[in-house]
Amino acid sequence: MELRVLQYFLAVVREQSISAAAETLHLSQPTLSRQLKDLEEELGKQLMIRGSRRITLTEEGMLLRKRAEEILDLVHKTETEIVDSEETLSGDVCIGSGETDAVRLLARAAETMRQLYPNVRFRISSGDECDVSESLDKGLIDFGLLIGGTDFSYYDHMELPARDRWGILMRKDAPLAEKAALRREDLWDQPLILSRQTCNSSDIIQWLQRDQEQLNLVATYSLVYNASLLVDEGLGYAFVLDKLINTNGSDLCFRPLEPPLDVGLHVVWKKYQPFSKPAEKFLEILKAQVQNNVRK
(Lines give C-alpha, C1' and ligand atoms only; values in the text may rest on other atoms or scores of the structure.)
Protein backbone atom coordinates (compact mmCIF):
# COMPACT_ATOMS: atom_id res chain seq x y z
CA MET A 1 0.00 0.00 0.00
CA GLU A 2 1.64 3.23 -1.16
CA LEU A 3 1.31 6.60 0.56
CA ARG A 4 0.56 8.17 -2.80
CA VAL A 5 -2.46 5.90 -3.26
CA LEU A 6 -3.70 6.72 0.25
CA GLN A 7 -3.54 10.39 -0.71
CA TYR A 8 -5.56 9.63 -3.84
CA PHE A 9 -8.13 7.75 -1.76
CA LEU A 10 -8.52 10.64 0.71
CA ALA A 11 -8.87 13.10 -2.16
CA VAL A 12 -11.80 11.09 -3.51
CA VAL A 13 -13.35 10.95 -0.03
CA ARG A 14 -12.94 14.71 0.32
CA GLU A 15 -14.41 15.53 -3.08
CA GLN A 16 -17.00 12.72 -2.93
CA SER A 17 -16.38 12.27 -6.64
CA ILE A 18 -13.71 10.49 -8.64
CA SER A 19 -13.89 13.00 -11.48
CA ALA A 20 -13.59 15.99 -9.13
CA ALA A 21 -10.71 14.34 -7.25
CA ALA A 22 -8.94 13.55 -10.53
CA GLU A 23 -9.13 17.21 -11.47
CA THR A 24 -7.62 18.40 -8.16
CA LEU A 25 -4.90 15.74 -8.37
CA HIS A 26 -4.17 16.57 -12.04
CA LEU A 27 -4.80 12.96 -13.06
CA SER A 28 -7.03 11.50 -15.70
CA GLN A 29 -10.20 9.92 -14.38
CA PRO A 30 -9.36 6.45 -15.78
CA THR A 31 -5.94 6.55 -14.11
CA LEU A 32 -7.43 7.45 -10.72
CA SER A 33 -10.18 4.82 -11.07
CA ARG A 34 -7.54 2.20 -11.85
CA GLN A 35 -5.50 3.15 -8.78
CA LEU A 36 -8.56 2.83 -6.54
CA LYS A 37 -9.52 -0.48 -8.10
CA ASP A 38 -6.00 -1.81 -7.53
CA LEU A 39 -6.21 -0.69 -3.89
CA GLU A 40 -9.48 -2.57 -3.40
CA GLU A 41 -8.02 -5.68 -5.02
CA GLU A 42 -4.92 -5.43 -2.83
CA LEU A 43 -7.04 -5.24 0.32
CA GLY A 44 -9.65 -7.70 -0.90
CA LYS A 45 -12.46 -5.36 0.15
CA GLN A 46 -14.82 -2.93 -1.56
CA LEU A 47 -14.02 0.51 -0.19
CA MET A 48 -16.63 2.67 -1.89
CA ILE A 49 -19.95 2.46 -3.69
CA ARG A 50 -19.89 4.52 -6.85
CA GLY A 51 -23.21 6.32 -7.25
CA SER A 52 -24.42 8.46 -10.13
CA ARG A 53 -23.57 11.72 -8.34
CA ARG A 54 -21.30 10.86 -5.42
CA ILE A 55 -19.38 8.01 -3.87
CA THR A 56 -20.33 6.41 -0.55
CA LEU A 57 -17.82 4.66 1.69
CA THR A 58 -18.40 1.12 2.84
CA GLU A 59 -17.62 0.15 6.44
CA GLU A 60 -14.15 -0.92 5.32
CA GLY A 61 -13.75 2.36 3.44
CA MET A 62 -14.59 4.39 6.55
CA LEU A 63 -11.99 2.45 8.52
CA LEU A 64 -9.37 3.03 5.82
CA ARG A 65 -10.16 6.75 5.77
CA LYS A 66 -9.48 6.99 9.50
CA ARG A 67 -6.27 4.98 9.28
CA ALA A 68 -5.07 6.79 6.16
CA GLU A 69 -5.51 10.16 7.85
CA GLU A 70 -3.53 8.92 10.86
CA ILE A 71 -0.77 7.45 8.68
CA LEU A 72 -0.33 10.57 6.57
CA ASP A 73 -0.47 12.80 9.63
CA LEU A 74 2.28 10.74 11.25
CA VAL A 75 4.36 10.87 8.05
CA HIS A 76 3.99 14.67 7.94
CA LYS A 77 4.94 14.94 11.62
CA THR A 78 8.04 12.76 11.10
CA GLU A 79 9.16 14.68 8.02
CA THR A 80 8.74 17.98 9.87
CA GLU A 81 10.77 16.77 12.84
CA ILE A 82 13.64 15.67 10.60
CA VAL A 83 13.64 18.62 8.24
CA ASP A 84 13.29 21.16 11.05
CA SER A 85 16.08 19.74 13.20
CA GLU A 86 18.55 22.47 12.21
CA GLU A 87 20.01 25.10 14.53
CA THR A 88 17.10 27.47 13.90
CA LEU A 89 14.34 25.84 15.93
CA SER A 90 11.14 25.36 13.96
CA GLY A 91 8.43 22.79 13.50
CA ASP A 92 5.30 21.58 15.28
CA VAL A 93 4.50 20.78 18.89
CA CYS A 94 1.38 18.58 18.99
CA ILE A 95 -0.77 18.54 22.12
CA GLY A 96 -4.00 16.69 22.91
CA SER A 97 -6.16 17.95 25.75
CA GLY A 98 -9.43 17.57 27.54
CA GLU A 99 -11.53 20.67 28.13
CA THR A 100 -10.06 22.48 31.13
CA ASP A 101 -9.08 25.98 32.16
CA ALA A 102 -5.58 24.58 32.81
CA VAL A 103 -4.94 24.82 29.07
CA ARG A 104 -3.98 28.39 30.01
CA LEU A 105 -0.79 27.02 31.59
CA LEU A 106 0.16 25.35 28.32
CA ALA A 107 -0.75 28.52 26.43
CA ARG A 108 1.60 30.58 28.59
CA ALA A 109 4.45 28.17 27.95
CA ALA A 110 3.61 28.21 24.24
CA GLU A 111 3.69 32.02 24.16
CA THR A 112 7.05 32.05 25.95
CA MET A 113 8.40 29.62 23.39
CA ARG A 114 7.01 31.61 20.48
CA GLN A 115 8.82 34.69 21.75
CA LEU A 116 12.08 32.74 21.64
CA TYR A 117 11.38 30.62 18.56
CA PRO A 118 8.81 32.31 16.29
CA ASN A 119 8.96 29.50 13.70
CA VAL A 120 7.51 26.92 16.09
CA ARG A 121 3.82 26.11 15.60
CA PHE A 122 1.38 24.48 18.03
CA ARG A 123 -1.25 21.98 16.96
CA ILE A 124 -3.92 21.47 19.62
CA SER A 125 -6.52 18.71 19.43
CA SER A 126 -9.39 18.31 21.88
CA GLY A 127 -10.77 15.06 23.23
CA ASP A 128 -11.40 13.03 26.35
CA GLU A 129 -8.87 10.72 28.02
CA CYS A 130 -9.50 7.88 25.54
CA ASP A 131 -8.94 10.16 22.53
CA VAL A 132 -5.78 11.73 23.97
CA SER A 133 -4.28 8.41 25.08
CA GLU A 134 -4.96 6.83 21.69
CA SER A 135 -3.24 9.72 19.89
CA LEU A 136 -0.27 9.48 22.25
CA ASP A 137 0.07 5.75 21.74
CA LYS A 138 0.00 6.18 17.96
CA GLY A 139 2.61 8.93 18.05
CA LEU A 140 0.25 11.52 16.59
CA ILE A 141 0.83 13.98 19.45
CA ASP A 142 3.79 14.80 21.68
CA PHE A 143 1.93 15.57 24.90
CA GLY A 144 -1.46 14.99 26.44
CA LEU A 145 -3.23 16.99 29.14
CA LEU A 146 -5.33 14.56 31.15
CA ILE A 147 -7.97 15.42 33.74
CA GLY A 148 -8.30 13.32 36.87
CA GLY A 149 -6.63 10.05 37.74
CA THR A 150 -5.17 7.86 35.03
CA ASP A 151 -2.87 4.88 34.59
CA PHE A 152 0.67 6.21 34.24
CA SER A 153 2.22 2.79 33.51
CA TYR A 154 3.05 3.73 29.93
CA TYR A 155 3.64 7.44 30.42
CA ASP A 156 5.98 9.90 32.03
CA HIS A 157 3.99 12.71 33.58
CA MET A 158 4.08 16.05 35.34
CA GLU A 159 1.39 17.29 37.69
CA LEU A 160 0.21 20.83 37.02
CA PRO A 161 -0.26 23.35 39.86
CA ALA A 162 -3.99 23.52 39.24
CA ARG A 163 -7.10 21.55 40.03
CA ASP A 164 -10.53 21.47 38.46
CA ARG A 165 -13.76 21.24 40.41
CA TRP A 166 -16.90 19.44 39.28
CA GLY A 167 -20.23 21.17 39.55
CA ILE A 168 -23.65 21.38 37.95
CA LEU A 169 -24.63 23.57 35.02
CA MET A 170 -28.35 24.37 35.00
CA ARG A 171 -30.87 26.96 33.97
CA LYS A 172 -31.32 29.87 36.38
CA ASP A 173 -35.03 29.07 36.59
CA ALA A 174 -34.39 25.42 37.54
CA PRO A 175 -35.64 24.41 41.01
CA LEU A 176 -32.12 23.48 42.20
CA ALA A 177 -30.72 26.89 41.19
CA GLU A 178 -31.97 28.26 44.53
CA LYS A 179 -29.29 26.24 46.33
CA ALA A 180 -25.74 27.57 46.84
CA ALA A 181 -24.30 24.06 46.45
CA LEU A 182 -25.76 20.69 45.52
CA ARG A 183 -25.58 17.50 47.52
CA ARG A 184 -25.79 14.06 45.97
CA GLU A 185 -29.32 13.55 47.31
CA ASP A 186 -30.48 16.61 45.34
CA LEU A 187 -29.52 14.91 42.06
CA TRP A 188 -30.56 11.29 42.52
CA ASP A 189 -33.94 11.74 40.82
CA GLN A 190 -33.04 14.55 38.42
CA PRO A 191 -32.41 14.23 34.64
CA LEU A 192 -28.61 14.19 34.38
CA ILE A 193 -26.22 14.94 31.54
CA LEU A 194 -22.75 13.42 31.93
CA SER A 195 -19.60 13.67 29.89
CA ARG A 196 -18.61 10.56 27.94
CA GLN A 197 -15.41 10.34 30.00
CA THR A 198 -17.38 10.56 33.26
CA CYS A 199 -19.48 7.59 32.21
CA ASN A 200 -16.30 5.55 31.74
CA SER A 201 -14.78 6.61 35.07
CA SER A 202 -15.84 6.21 38.66
CA ASP A 203 -15.33 9.70 40.16
CA ILE A 204 -18.86 11.01 39.58
CA ILE A 205 -20.50 7.64 40.18
CA GLN A 206 -18.65 7.23 43.48
CA TRP A 207 -19.56 10.76 44.51
CA LEU A 208 -23.23 10.14 43.71
CA GLN A 209 -23.14 6.81 45.57
CA ARG A 210 -25.43 5.30 42.96
CA ASP A 211 -24.93 2.78 40.20
CA GLN A 212 -25.27 4.26 36.73
CA GLU A 213 -28.42 2.15 36.17
CA GLN A 214 -30.06 3.89 39.14
CA LEU A 215 -29.54 7.36 37.69
CA ASN A 216 -31.87 9.25 35.38
CA LEU A 217 -29.21 9.66 32.68
CA VAL A 218 -30.80 11.51 29.75
CA ALA A 219 -27.72 12.41 27.65
CA THR A 220 -23.95 12.28 27.36
CA TYR A 221 -21.59 14.78 25.75
CA SER A 222 -18.02 15.14 24.55
CA LEU A 223 -17.83 18.95 24.24
CA VAL A 224 -19.00 21.10 27.13
CA TYR A 225 -20.42 23.79 24.82
CA ASN A 226 -22.81 21.20 23.40
CA ALA A 227 -23.74 20.24 26.96
CA SER A 228 -24.57 23.89 27.71
CA LEU A 229 -26.99 23.96 24.77
CA LEU A 230 -28.72 20.81 26.05
CA VAL A 231 -29.07 22.44 29.46
CA ASP A 232 -30.29 25.72 27.96
CA GLU A 233 -33.06 23.85 26.16
CA GLY A 234 -34.17 22.33 29.46
CA LEU A 235 -33.00 18.75 28.92
CA GLY A 236 -31.44 18.37 32.35
CA TYR A 237 -28.62 19.10 34.77
CA ALA A 238 -25.06 18.72 33.42
CA PHE A 239 -21.99 17.71 35.38
CA VAL A 240 -19.25 20.04 34.09
CA LEU A 241 -15.91 21.35 35.30
CA ASP A 242 -15.79 24.89 36.64
CA LYS A 243 -14.51 27.88 34.65
CA LEU A 244 -15.44 26.38 31.27
CA ILE A 245 -18.80 28.09 30.64
CA ASN A 246 -19.19 31.83 31.16
CA THR A 247 -22.71 32.13 32.56
CA ASN A 248 -22.67 35.94 32.80
CA GLY A 249 -25.55 37.40 30.83
CA SER A 250 -27.00 33.97 30.03
CA ASP A 251 -29.92 31.92 31.31
CA LEU A 252 -27.50 29.42 32.88
CA CYS A 253 -25.77 29.16 36.23
CA PHE A 254 -23.11 26.93 37.82
CA ARG A 255 -23.36 25.42 41.30
CA PRO A 256 -20.54 23.53 43.06
CA LEU A 257 -20.97 20.13 44.64
CA GLU A 258 -21.11 19.51 48.38
CA PRO A 259 -18.93 17.77 49.43
CA PRO A 260 -16.57 19.18 46.77
CA LEU A 261 -15.20 16.91 44.04
CA ASP A 262 -11.83 18.10 42.75
CA VAL A 263 -9.60 16.48 40.12
CA GLY A 264 -5.91 16.86 39.39
CA LEU A 265 -4.34 17.62 36.03
CA HIS A 266 -1.30 16.02 34.44
CA VAL A 267 0.73 16.56 31.30
CA VAL A 268 1.80 13.13 30.03
CA TRP A 269 4.05 11.79 27.30
CA LYS A 270 5.15 8.32 26.21
CA LYS A 271 8.02 6.77 28.11
CA TYR A 272 11.32 6.66 26.23
CA GLN A 273 9.85 8.89 23.51
CA PRO A 274 12.45 10.53 21.26
CA PHE A 275 11.21 14.12 21.19
CA SER A 276 11.65 16.49 18.30
CA LYS A 277 13.70 19.55 19.22
CA PRO A 278 10.62 21.82 19.46
CA ALA A 279 8.81 19.32 21.72
CA GLU A 280 11.90 18.90 23.90
CA LYS A 281 12.28 22.68 24.28
CA PHE A 282 8.57 23.14 25.02
CA LEU A 283 8.72 20.58 27.83
CA GLU A 284 11.77 22.34 29.26
CA ILE A 285 9.93 25.69 29.26
CA LEU A 286 6.75 24.19 30.71
CA LYS A 287 8.65 22.48 33.54
CA ALA A 288 10.41 25.74 34.40
CA GLN A 289 7.11 27.65 34.51
CA VAL A 290 5.46 24.99 36.66
CA GLN A 291 8.38 25.00 39.13
CA ASN A 292 8.27 28.79 39.35
CA ASN A 293 4.52 28.66 39.95
CA VAL A 294 4.96 26.09 42.72
CA ARG A 295 7.62 28.25 44.45
CA LYS A 296 5.22 31.19 44.47
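**Group meeting: cavity, pocket and salt bridges**

Let me begin with one contact: a polar atom of the D186 side chain lies 2.8 Å from the backbone nitrogen of R183. Before going on, I should say that this is a predicted model, in which local features need pLDDT of at least 70 and side-chain atom pairs count only at pLDDT 80 or more, while totals for chains, interfaces and linings use all residues. Residues are numbered from 1 along each chain as its sequence is written, and side-chain values use heavy atoms, with hydrogens and water left out.

D186 belongs to helix 7, residues 184-187; helices (H or I, at least four residues) and strands (E, at least two) are DSSP runs, numbered from the N terminus. Is D186 buried or exposed? It counts as buried because its relative accessibility is 19%, where buried means under 20% relative accessible area, exposed over 50% and partly exposed in between, for a 1.4 Å probe and protein chains only. Leaving aside residues up to four places away in sequence, D186 touches L176, K179 and A181, contact meaning heavy atoms within 4.5 Å.

A second local example is T31 in helix 3, residues 29-43. The side chains of T31 and S28 are joined by a polar contact of 2.6 Å. Such a contact is a pair of N or O atoms within 3.5 Å; within protein, one must be able to donate a hydrogen and the other to accept it, and residues adjacent in sequence count only if both atoms are side-chain atoms. T31 is partly exposed, at 37% relative accessibility.

I turn now to internal space. On a 1 Å grid over the protein atoms alone, a cavity is a set of points where a 1.4 Å probe fits but cannot get out, and a pocket is an open set with protein on both sides within 12 Å along at least five of seven lines; lining residues have an atom within 4 Å of a point. There is 1 cavity of 30 Å³ or more. Its lining includes G98, D128 and Q197, and strand 5 gives the largest share, 3 residues.

The second largest pocket holds about 310 Å³, a volume being the space filled by probe spheres set on grid points joined across faces, edges and corners. Of its 19 lining residues, S125, D131, S135, L140 and I141 lie nearest the centre. Helix 4, strand 3, strand 4 and helix 6 each supply at least two lining residues.

Finally, salt bridges, each a side-chain nitrogen of Lys or Arg within 4 Å of a carboxyl oxygen of Asp or Glu. The count comes to 21. D131, named above for the pocket, meets R196 in one of them, at 2.8 Å from N to O. R196 lies in helix 8 and D131 in helix 6, so the pair ties together parts that are 65 residues apart in sequence. R196 is partly exposed at 34%, and D131 is partly exposed at 31%.

Another salt bridge joins R165 and D262, with the closest N and O atoms 2.6 Å apart. Because R165 is in strand 6 and D262 in strand 11, this pair ties together parts 97 residues apart in sequence. D101 also forms a salt bridge, with R104, at 2.8 Å between the closest N and O atoms. Which residues are linked in a network of salt bridges? They are K66, R67, E70, E134 and K138.
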